[in-house]
Amino acid sequence: MTAPPHGAELDPVHPNWVWRTIRVILRNVFAFWMRYRARGFEHLPEGGALLLINHQSFLDPLLVGLPLARPVSYLARDTLFPVPIIGWILRHTYVMPIRREAASTESLRESIRRLEQGFYVGIFPEGTRSRDGRLGPLKPGFVALLRRCRVPLVPIGIAGAVEVLPRGAKFLRPRRVHVVFGRPISPEEWQPLAAPGREEELLAFTTAALARCVEEAQRWRAEQ
């Protein structure tokens, strides 16, 4: 079975049975194993939105999607889709396949397409996983996406995932994980900064918004 082209037959609001089943299972496992907590997601917008997430581990897409009633679309290499079991899961959990040799162009087009369809699209603007849990510098690649869409931005901070599944680890470790969904930033707020010549201002603006969520998640986690 192949994925619908460009998400044409996917519902951006009502998740399919595959994701609903995975979500129920993981919510129970993560609550027990990681004492998983999330807050702020009740303020997410109704239409499409771009989720900007700090990157601590391979678990991050799941950690963000667990408390949401709606699905989130992420990008993944197309070479993962033929892999047994993994490929089937990716095809049925709203993941967008991207070819490495045309990654920048295809990822941009497909992300815009999903946003226009009303999906939540999640990206990790650091570009790589953190080694120590601290927020790294944001790569400017996502600026091109912002210039072509008009949707709210939602900064999301994750704390603790780097301890659960650090680089090189093969098994989950029992550590606490907290996720904070920040206040949605309307297009009226961020769009002026997406104008040519203002990339540094936009990067500073989005970095500050994301850093606030990461710091809040870290403080919340430390209080537990």
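Two residues are taken to be in contact when heavy atoms of theirs lie within 4.5 Å. On this basis, in the predicted model considered here, residues 24 or more positions apart account for 76% of the contacts in the chain with a separation of 6 or more. The chain contains eight helices and eight strands, and 50% of its 224 residues count as buried. Its radius of gyration is 17 Å, which agrees with the value near 17 Å that a compact globule of 224 residues would have. Along the principal axes, the C-alpha atoms fill a box of roughly 45 × 45 × 30 Å, and the accessible surface of the chain amounts to about 11600 Å², with 57% of that area belonging to carbon and sulfur atoms.

Strand E7, which spans residues 153-159, is paired with two other strands, E2 and E8. With E2 the pairing is parallel and comprises four bridges, and within this arrangement Leu50 stands opposite Leu153 of E7. With E8 the pairing is antiparallel, again over four bridges, and here Ile156 is placed opposite Phe181 of E8. Seven of the seven residues of E7 are buried, so the strand is largely enclosed by the rest of the structure. Leu153, Pro155, Gly157 and Ala159 are directed to one side of E7, whereas Val154, Ile156 and Ile158 are directed to the other, and burial applies to both sets.

Strand E8, formed by residues 178-181, likewise has buried residues on its two sides, with His178 and Val180 pointing one way and Val179 and Phe181 the other. In addition to its antiparallel pairing with E7, E8 runs parallel to strand E1 (residues 37-39), to which three bridges join it. In this pairing, Val180 of E8 is the bridge partner of Arg39. The side chain of Arg39 is also involved in a contact with an aromatic ring, since its charged end sits over the ring of Trp220 at 4.2 Å from the ring centre. A second arrangement of this kind is found at Arg129, whose charged end sits over the ring of Phe58, 3.9 Å from the centre of that ring.

The structure holds four aromatic pairs. One of them is formed by Phe41 and Phe181, whose rings adopt an edge-to-face arrangement with 6.0 Å from centre to centre and 75° between the planes. Because Phe41 belongs to the loop between E1 and strand E2 (49-53) and Phe181 to strand E8, this pair ties together parts of the chain that are 140 residues apart in sequence. The two partners fall into separate classes of accessibility: Phe41, at 29% relative accessibility, counts as partly exposed, while Phe181, at 4%, counts as buried because the limit for burial is set at under 20%.

Another of the aromatic pairs consists of Tyr94 and Phe119, which are tilted with respect to each other, with 6.2 Å between the ring centres and 50° between the planes. This pair, too, links distant parts of the chain, as Tyr94 is located in the loop between helix H3 (86-91) and strand E5 (96-98) and Phe119 in the loop between helix H4 (103-116) and strand E6 (120-123), a separation of 25 residues. Both Tyr94 and Phe119 are buried.

Technical notes. Residues numbered from 1 in each chain as written. Predicted model: local features only at pLDDT ≥ 70, side-chain atom pairs only at ≥ 80, totals over all residues. Heavy atoms only, no water. Buried < 20%, exposed > 50% of the residue type's maximum accessible area, 1.4 Å probe, protein only. Pairing = 2+ DSSP bridges. Phe/Tyr/Trp six-rings, centres within 6.5 Å; stacked < 30°, edge-to-face > 60°. Lys NZ or Arg CZ within 6 Å of the ring centre and 35° of its normal. Rg over C-alpha atoms; globule rule 2.2 N^0.38 Å. Areas by Shrake-Rupley, 256 points an atom, 1.4 Å probe, with all protein chains shown as cover.
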